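Colleague: Could you walk me through this one, please? I have it open on my screen and would like to go slowly.

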Amino acid sequence: MSILDNNKGLKAEVDKVAEVAGLLWAKGWAERNGGNITVNVTEYVNDAMRALPAICGARPIGKTLPHLKGCWFYCKGTGKRMRDLARRPMENGSIIRITDDCAHYEIVADAPVAPTSELPSHLAVHDYLLAKGSQYRASLHTHPIELVALTHSRKWIEKDVATRMLWSMIPETKAFCPRGLGMVPYMMPSSVELADATIRTLDEDYDVVMWEKHGVFAVDTDIMDAFDQVDVLNKAAQIYIAARGMGFEPEGMSDAQLKEMSEAFGLPK
Ligand SMILES: [Zn+2]
């Protein structure tokens with residue numbers, strides 16, 4: 001028995017999270033318990049689910065997030081591995097609902113799996129997205145090898161320098177990650193400063209934000225789309241590295257060719 005049994009829509013969303021978790025592991029981006037996923041699943045919650053009792057007492061989020069009143073989230077569990085979540089999403093993650101004071105959550109799930117320790121920062125991002133009327137419902141943090149490697153050089157941390165290079169490797173990168181890669185300088189993992197800087201950078205109009213020497217944070221309509229944005233960026237980084245490995249600096253598409261892409265596909269940048 002699972003709370004997903006009579007809810008096809010919710011089950012499909014959780015299955016997508018499990019599929020992405022497996023891809024993160026297969027790509028080598030999710031060592032040990034690395035990475036986090038949270039998805040706003042409120043639209044899939046039906047009356048039967050709303051009537052279910054919580055399986056733990058209300059716990060503080062650590063922040064008051066006024067736009068999350070009545071919202072429900074699937075969250076990866078704290079200390080859990082992506083490769084385990086891929087096979088057993090309700091043993092390695094749980095569904096939570098935000099209480100009416102917008103400062104606590106309760107677990108309504110198959111097992112009382114405590115959500116990620118990054119919950120306050122992830123929920124702050126969801127609060128920000130709802131406040132601005134965004135349709136984005138998923139957030140992903142992972143450690144894509146080549147993108148993280150780029151941030152070990154000052155040159156690539158400058159605003160939009162990596163974006164320009166990555167977009168110019170193949171046309172699809174700009175088409176499928178049309179806002180590019182925002183940059184956040186190194187900050188302590190889990191810190192309030194890092195969460196605040198991430199929201200500020202998303203607000204500058206990026207869907208994917210790079211945390212220097214750490215990983216990416218991506219948002220999109222669902223978790224598969226968030227994954228795809230990171231995947232196309234990392235692919236572009238791999239093409240750059242392949243060219244450098246062949247002993248030359250890749251030419252890259254020209255400014256005119258990048259502009260032509262934006263015009264043809266109505267891209268935002
Ligand atoms: Zn991390």
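**A helix, a strand and the whole protein**

Modeller: Let me begin just past a helix: α9 is followed by Asp-205, a residue whose phi is positive, near 90 degrees. Please keep in mind throughout that this is a predicted model.

Colleague: OK, and what distance should helix α9 span, going by its residues?

Modeller: Helix α9 runs over residues 192-203, and at 1.5 Å a residue its 12 residues should span 16 Å, which agrees with the 17 Å that separates its end C-alpha atoms.

Colleague: Which residues of α9 are buried?

Modeller: The buried ones are Leu-194, Ala-195, Thr-198, Thr-201 and Leu-202. These residues cover an arc of only 130 degrees around the axis, so they sit on the same side of α9.

Colleague: Why do residues three or four places apart point the same way in an α-helix?

Modeller: That is because an α-helix has 3.6 residues a turn.

Colleague: And what does the face turned away from the buried side of α9 carry?

Modeller: That face carries the exposed residues Glu-193 and Asp-203.

Colleague: What do the buried residues of α9 pack against?

Modeller: They pack against one helix, α4 (119-131), and against the strands β7 (181-184), β8 (208-211) and β9 (215-220).

Colleague: Switching topic, how many residues of strand β6 are buried?

Modeller: Strand β6, made of residues 138-142, is mostly covered, with 5 of its 5 residues buried. Both of its faces are covered, since Ala-138, Leu-140 and Thr-142 are buried on one side, while Ser-139 and His-141 are buried on the other.

Colleague: In what sense does β6 pair with β1?

Modeller: Strand β1 (residues 36-40) pairs with β6 in the antiparallel sense, over 4 bridges, and His-141 of β6 is the bridge partner of Asn-36. Strand β9, which also came up as a packing partner of α9, pairs with β6 in the antiparallel sense over 5 bridges, and there Val-216 of β9 is the bridge partner of Thr-142.

Colleague: Zooming out, how many helices and strands does the protein have?

Modeller: The secondary structure comes to 11 helices and 9 strands. The radius of gyration is 19 Å, close to the 18 Å that the globule rule gives for 269 residues, so the protein is as compact as a globular protein of that length.

Colleague: And what share of the residues counts as buried?

Modeller: Of the 269 residues, 44% count as buried. Looking at contacts with a separation of 6 or more, 71% of them are accounted for by residues 24 or more positions apart.

Notes: Residues are numbered from 1 along each chain as its sequence is written. This is a predicted model: local features need pLDDT of at least 70, side-chain atom pairs count only at pLDDT 80 or more; totals for chains, interfaces and linings use all residues. Helices (H or I, at least four residues) and strands (E, at least two) are DSSP runs, numbered from the N terminus. The expected span of a helix is 1.5 Å times one less than its number of residues. A residue is buried if 20 or more other C-beta atoms lie within 10 Å of its own, exposed if 12 or fewer, and partly exposed in between; C-beta atoms are placed from the backbone. The arc is that of the directions from the helix axis to the C-beta atoms. Two residues are in contact if their C-beta atoms, placed from the backbone, lie within 7 Å. Two strands pair if DSSP finds at least two bridges between them. The radius of gyration is taken over C-alpha atoms; the globule rule is 2.2 Å times the number of residues to the power 0.38.
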